[in-house]
Amino acid sequence: MAYFSDMRVLITGAGTGIGELLAQTLATHGAEVLVSARRLAAAEEVVTKIKARGGRAEAIVMDVADRASIEAAKVYIHAEFGPIDALINNAGVVFGGTFEDVPLDQHINTFQINSIGLMSACHAFFNDLIASRRGHLVNIASASAFVGLPFGSSYAASKWAVVGFSESLRLELKERGIDNVAVTTVCPSYISTGMFDGAKAPLLTPMLTPEKVVRATLGAMRQKTPMLYLPITVKSADLFKGALPRKMWDEVAKFTGVSGSMRHWQGKEK
Ligand SMILES: NC(=O)c1ccc[n+]([C@@H]2O[C@H](COP(=O)([O-])OP(=O)(O)OC[C@H]3O[C@@H](n4cnc5c(N)ncnc54)[C@H](OP(=O)(O)O)[C@@H]3O)[C@@H](O)[C@H]2O)c1
C-alpha cells in the first residue's frame with residue numbers, strides 16, 4: 001500500500017503556495033486531504049482542482065489566528081470525517097521592513113499566526129495524532145529559524161519559536177514512549193511563491209521551487225525525518241553560527257548575503 005493511501009491529512013493555509021501544492025500532491029498519492037484556509041472560497045478552489053483529477057479533498061474554514069475558528073473546524077472535521085492522521089502547519093505571514101516602520105500590529109499578527117496559531121492547531125488535533133497508528137505532525141518553519149534576519153525580525157523570531165516548539169514536542173513524545181507520532185520540522189530558504197518577492201536569495205541557497213519543497217517534505221514524511229533543511233546549506237548555516245565567534249559569523253552572514261536578503265522585500269501583491 002502506498003505510504004499516504006487513506007491518510008487523512010489536514011493542511012493549514014492550503015489555499016495558495018506550498019499548502020496548495022502539498023494538498024494537490026498528497027491527493028495524487030491517495031491521501032484524503034482536508035484543505036483549510038481562512039477564506040472558504042480559497043479552499044474550495046483547491047478542492048475543485050483536486051477532485052477534477054480524481055483525488056479526495058474537502059474544504060475547511062480555519063483561521064489559525066482565531067481559537068474559535070480552530071475549535072469550530074475541529075468539531076466539523078470530527079463530525080463529518082473523523083479524526084485526522086496528519087497535521088501540516090503551513091499557514092504563515094511575513095511583514096518585512098525596518099523594524100520601527102512596520103506597525104506593531106503586524107509584528108504581533110506574525111506571532112499570532114506563525115507561532116501561536118501553529119501551537120493552537122497542534123493543541124486542537126494532537127489527541128487525533130496520538131490515536132492514529134501513523135500520526136504525523138509537520139511544522140513548516142524556515143531557514144530564518146536559525147539565523148538573524150534583518151528587516152524580517154518578527155518573522156524570524158516567530159519561526160525560531162516554531163523550531164523550539166517542534167523539537168520539544170518531538171522529544172516529549174519520545175519521553176512518553178509514544179512512537180506512532182512523528183514530528184517533522186521543515187526549514188526552507190526562500191521559495192518562489194511570492195511571499196518573499198523582492199528578497200534576494202543568499203549565496204549557496206538559490207531560490208527554491210514549490211515543487212522541490214513539496215517533494216522533499218513528502219520524502220521527509222515517509223522517512224520520518226525530524227528536521228528537513230532546504231537546501232542542505234541551511235544546515236551549515238546552523239552549524240557555522242554555533243561554531244564561529246559571533247563577530248565572525250556576522251561577517252559570514254553579510255558576505256553570503258543572508259543579512260541583506262530582506263532589504264528590498266516587497267511580498268505578495270494583495
Ligand atoms: N515563500 C518562502 O520563501 C518561504 C520560505 C520559508 C518558509 N516559508 C513558509 O512556508 C509556508 C507557506 O508559505 P508560502 O510560501 O506558500 O506563502 P503563501 O502562498 O503566502 O502561503 C501562506 C498561506 O497561509 C495562509 N494564512 C495566512 N494567515 C492565515 C491564518 N490566520 N489562518 C489560516 N491561513 C492563513 C495564507 O492565506 P491567505 O491567502 O488568506 O493570506 C496563505 O494561503 C509559510 O509558513 C511560510 O512562512 C515560506
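Visitor: What should the 23 residues of helix α5 span at 1.5 Å a residue, and how far apart are its end C-alpha atoms?

Guide: This is a predicted model, in which local features need pLDDT of at least 70, side-chain atom pairs count only at pLDDT 80 or more, and totals for chains, interfaces and linings use all residues. Residues are numbered from 1 along each chain as its sequence is written, and side-chain values use heavy atoms, with hydrogens and water left out. Helices (H or I, at least four residues) and strands (E, at least two) are DSSP runs numbered from the N terminus, and the expected span is 1.5 Å times one less than the number of residues. Helix α5 covers residues 153–175, so 33 Å is expected, and the end C-alpha atoms agree at 33 Å.

Visitor: Which elements are included in what covers the buried residues of α5?

Guide: Buried means under 20% relative accessible area, exposed over 50%, and partly exposed in between (1.4 Å probe, protein chains only). The buried residues of α5 include Tyr155, Lys159, Val163 and Arg170. Their cover includes α4 (104–131), β5 (135–140), β6 (181–188) and β7 (227–230).

Visitor: Is Val186 buried or exposed?

Guide: Val186 lies in strand β6. Leaving aside neighbours within four places in sequence, Val186 is in contact (heavy atoms within 4.5 Å) with residues including Val138, Ile140, Thr217 and Leu228. Its relative accessibility is 0%, and therefore Val186 counts as buried.

Visitor: How far apart in space are Val186 and Val163, C-alpha to C-alpha?

Guide: Val163 is one of the buried residues of α5. In sequence, Val186 and Val163 are 23 residues apart; in space, C-alpha to C-alpha, the separation is 8.9 Å.

Visitor: What is the relative accessible area of His107?

Guide: His107 is placed in helix α4. Beyond its neighbours within four places in sequence, its contacts are Phe99, Val102, Ser153 and Ser154. His107 is buried, at 7%.

Visitor: What is the handedness of the crossover from β2 to β3?

Guide: Strands β2 (residues 32–37) and β3 (residues 56–61) pair in the parallel sense over 6 bridges, where pairing requires at least two DSSP bridges. The chain passes from β2 through helix α2 (residues 40–52) to β3, and this β-α-β crossover is right-handed.

Visitor: Which residue has a polar side-chain atom 2.6 Å from an oxygen atom of the ligand?

Guide: The ligand is surrounded by 29 residues, each with a heavy atom within 4 Å of it. Polar backbone atoms of Asn90 and Ile191 each lie 2.7 Å from an oxygen atom of the ligand. The side-chain atom at 2.6 Å belongs to Thr193.

Conventions:
Right-handed = clockwise from strand over helix to strand, strands pointing away. Polar contact = N/O pair within 3.5 Å; in protein donor to acceptor, adjacent residues only side chain to side chain.
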